[in-house]
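Reader: Please give a close account of one part of this model, together with the backbone features that deserve attention. A connected description would be preferred to a list.

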Amino acid sequence: MSAARAVLWDMDGTLIDSEEFHWISWRDTMAKEGVPITHEQFLSSFGQRNDSIIPRWLGAASTPEWVERISNAKEELYRDLIHKHGMSPLPGVFDWVRRLHEEGWLQAIASAAPRPNIEVVVESLKAAHYFQTIVSAEDVQKGKPDPEVYLLAASRVGASPDRSIVVEDAAAGVEAARSAGMRSIGVSRNGKYLAADLVVGSLDLLDADAFEILLRI
């Protein structure tokens, strides 16, 4: 590996606030299937892979074909919502993504989301040129907290784990970063506890040298 430095971004809840669109698309899709879900069920699953979420909601009646149909319908509805309403970055995101790019950091999106979802978000943000690679649900066998997604992202951009910093909003993602041997910045917008090396309520509150300092710890 080279001495390259990399920032590996989670997407949902870190780059963008997609919670409402995900809730609407899950709620409406599951209702059409005759398996209504509560907002609490949705929140407890947020950030996990569909093939982990849906079987729990379907219970004993779950089949691979049913899971796949629900997953496809939900994601199509989610992307339709973004096409219709657009998507904005969370506070501080664009300033940091642009600044890191200008300073020579390599950047990747490493998310449990399906690749078409990531692509439609990146297109909506007009940010494709800032990221060297995308690692999506289709690229890995295990979801977070397994470190596979971040190890693959670092490998693809050519950075070693000890030169890679993960930005996450979920406990499972922070755990994945730690298991990968990477430093992490936690974004805790609602004050929840995150065991990251550095935690902020919003990325616009990060000190100007935050990423540089983390690499020296």
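**An exposed residue and the largest pocket**

Author: Lys-126 is exposed, as its relative accessible area is 66%, and the threshold for that term is over 50%. The model is a predicted one, and in it Lys-126 adopts a positive phi of about 55 degrees despite not being a glycine. Most residues other than glycine have a negative phi, and most peptide bonds are trans. The position of Lys-126 is the loop that runs between helix H6 (115–125) and E3.

A second backbone feature is found at Pro-145, in the loop between strand E3 (133–135) and helix H7 (148–157). The peptide bond that joins Lys-144 and Pro-145 is cis, with omega at about 20 degrees.

The part to be examined at length is the largest pocket, which holds about 1000 Å³ of space. Its lining comprises 43 residues, and those closest to the centre are Phe-46, Gly-47, Gln-48, Arg-49 and Ala-112. Two or more lining residues are supplied by each of helix H1 (19–32), helix H2 (39–45), helix H3 (50–58), helix H4 (64–85) and helix H8 (171–179). Among these contributions, the largest share is that of H4, with eight residues. In chemical character, the lining of the largest pocket consists of 16 charged, 14 nonpolar and 13 polar residues.

Definitions and conventions:
Residues are numbered from 1 along each chain as its sequence is written. This is a predicted model: local features need pLDDT of at least 70, side-chain atom pairs count only at pLDDT 80 or more; totals for chains, interfaces and linings use all residues. Side-chain values use heavy atoms; hydrogens and water are left out. On a 1 Å grid over the protein atoms alone, a cavity is a set of points where a 1.4 Å probe fits but cannot get out, and a pocket is an open set with protein on both sides within 12 Å along at least five of seven lines; lining residues have an atom within 4 Å of a point. Grid points are joined across faces, edges and corners, and a volume is the space filled by probe spheres set on the points. Helices (H or I, at least four residues) and strands (E, at least two) are DSSP runs, numbered from the N terminus. Ala, Val, Leu, Ile, Met, Phe, Trp, Tyr, Cys and Pro count as nonpolar, Asp, Glu, Lys and Arg as charged, and the others, Gly among them, as polar. Buried means under 20% relative accessible area, exposed over 50%, partly exposed in between (1.4 Å probe, protein chains only).
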